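Welcome, and thanks for taking a look at this one. Below is a short tour of some local features, grouped by topic so that you can follow along in your viewer.

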Amino acid sequence: MKFNSIINRHIFKEMLPPFFINTVFFTFIFLMTKILAITKMIVNYKISLFSVILILVYSVPRFLSFVIPMSVMMAVILTFLRLSSDNELVALKAGGASVYMLIPPVLMFSMMGMVLTSFMTVYGLPWGMVSMKELTFRVAASHVNAGLKERTFNDSFKDVILYINKIDLKNKNLIDVFIEDKRDRNTRITVVAPRGRLYSEPDKFLVHLQLFDGTINQVNLDNRSAHSINFNTYDVNLDLKKALSTSKGGPKDEDEMSLAEIRQYLKNVSQKDAQYYVTLIEFHKKFSIPIACLALGVLAIPLGIQSKFANPSAGLGLGLVFFLMYYLMLSAGSVFGEAGVYPPAIGMWVPNVVMGGLGIFLLVRTANDRPVKINSVFIILKVKYNKLSRKNKTL
């Protein structure tokens, strides 16, 4: 028992460094996908360095919900690759330790990843999404002039569509402004003005538009009457709360809801429409993705033991292939679940069952010293690719 305890501690400690390295690396890669959006905000709104840091911090929980399971799998693969390449597994087998005796530290390590992922999906993701939206629209409200686009219909304001032909940022003037105002359900108002100016109240998420020398056209929908008014100065108050679907008002998106809010919504919903299925999928994701740490961790053991892949780069690639398979199955489950083809629970949990079942199957074969010929699939794909390349060159 003491020998087994030493083995467990040794393997567990071996998995920690690659886990942290992979977590930092993949988080950095995912954060790079936000660079374009951040660059656009810097150019349009001239946001501060502190705001950029906050955007990155608020984005981390969403990425970590997938990065942690992937890092757990990579850490287990790389650990067993190193044990295999250094012949430590051969020494352990010679000492009477079977492959099954190496499972407890992996399960313990995978459960640690499961707890971290659960925290991110249940608490971190809603906090990050809500905080990100609040920050984004606070910045937009503070620099609303810069955020508007020329010759584009802007529907960010509640029940108001705004069109601007040209924006003079130097003088902060709007040239050739068109507004369709649908805030009064009985009246449709269109406003046309050759010149206007915007100023905002960021704390209240309000924008004030002052127009000059324009025309107001009003149509009463009840009696079908219409009339037109010319003005010298006309003030319009615009509301950004439509875009800000947070606790300040308006319904939240499913990924912004806490677990309690999702349960309450699913309990009280009267009609099983598209929004119901999307929310139900989000509910199952909060549990299925953390459980994936266990499934992928078990699968990583036989993948790492194979001597033919006893180098870090091949092991990393092999782990990425299987995680990509898991992610594709999860994405397909989301699509078919949203369409109502089958219950969302099936789409969210089948990837775990497939990966876990495949891991147990390969683990049993590995424990019985039966070769796992995963490399043959890659060899076949490589041969097919080479044949296709040669065929294209001859054409």
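Let's begin with Ser 131, which is found in helix H5 (residues 103-142). Please keep in mind that this is a predicted model. From Ser 131 the tour moves to aromatic rings, then to a helix with a bend, and finally to strands and backbone angles.

**Ser 131 and its neighbour Trp 127**

- Is Ser 131 buried or exposed? Its relative accessibility is 12%, so Ser 131 counts as buried, given that the cut-off for buried is under 20%.
- A polar atom of the Ser 131 side chain lies 2.8 Å from the backbone oxygen of Trp 127.
- Trp 127 itself is partly exposed, because its relative accessible area is 43%.

**Aromatic rings**

- How many aromatic pairs does the structure hold? There are 13 of them.
- One of these is formed by Phe 25 and Phe 26, in an edge-to-face arrangement with 5.3 Å centre to centre and 70 degrees between the planes.
- The two partners are not alike in exposure: Phe 25 is partly exposed at a relative accessible area of 44%, whereas Phe 26 is buried at 8%.
- Tyr 58 and Trp 127 also form an edge-to-face pair, with centres 5.2 Å apart and planes at 80 degrees.
- Tyr 58 belongs to helix H3 (residues 49-85) and Trp 127 to helix H5, so this pair ties together parts that are 69 residues apart in sequence.
- On the H3 side, Tyr 58 is buried, with a relative accessible area of 15%.
- Ring pairs also link Phe 12, Phe 19, Phe 20 and Phe 109 into a cluster.
- For a charge over a ring, turn to Arg 195, which lies over the face of Phe 212 at 4.3 Å from the ring centre.

**Helix H10**

- Does the length of H10 agree with its residue count, and what would be the expected span of its 24 residues? At 1.5 Å a residue, helix H10 (residues 344-367) should span 34 Å, and its end C-alpha atoms are 35 Å apart, which agrees.
- Where does H10 bend? The bend, of about 30 degrees, is at Val 350, and the proline Pro 351 follows within four residues.
- Buried residues of H10 include Pro 344, Gly 347, Met 348, Pro 351, Asn 352 and Met 355.
- Further along H10, Gly 356, Gly 359, Leu 362, Leu 363 and Thr 366 are among the buried residues too.
- As general background to such spacing, an α-helix has 3.6 residues a turn, so residues three or four places apart point the same way.
- Just after H10, Asp 369 takes a positive phi of about 60 degrees.

**Strands E1, E2 and E3**

- Strand E1 (residues 153-154) pairs with strand E2 (residues 160-168) in the antiparallel sense, over two bridges.
- Within that pairing, Leu 162 of E2 stands opposite Asn 154.
- E2 is also joined to strand E3 (residues 173-181), by eight bridges, and these two run antiparallel.
- Which residue in E3 is the bridge partner of Ile 161? That partner is Glu 180.

**Positive phi in strands**

- Asp 176 lies in strand E3 and has a positive phi of about 55 degrees although it is not a glycine.
- With a relative accessible area of 38%, Asp 176 is partly exposed.
- Asp 213, in strand E5 (residues 206-220), likewise is not a glycine and has a positive phi of about 55 degrees.
- Asp 213 is partly exposed as well, with a relative accessible area of 48%.

How values were computed. Residues are numbered from 1 along each chain as its sequence is written. Side-chain values use heavy atoms; hydrogens and water are left out. Two strands pair if DSSP finds at least two bridges between them. The expected span of a helix is 1.5 Å times one less than its number of residues. The bend at a residue is the angle between axes fitted to the seven residues ending there and the seven starting there. Buried means under 20% relative accessible area, exposed over 50%, partly exposed in between (1.4 Å probe, protein chains only). A polar contact is a pair of N or O atoms within 3.5 Å; within protein, one must be able to donate a hydrogen and the other to accept it, and residues adjacent in sequence count only if both atoms are side-chain atoms. Rings of Phe, Tyr and Trp (its six-membered ring) pair if their centres lie within 6.5 Å; planes under 30 degrees apart count as stacked, over 60 as edge-to-face and the rest as tilted. A charge sits over a ring if NZ of Lys or CZ of Arg is within 6 Å of the ring centre and within 35 degrees of the ring normal.
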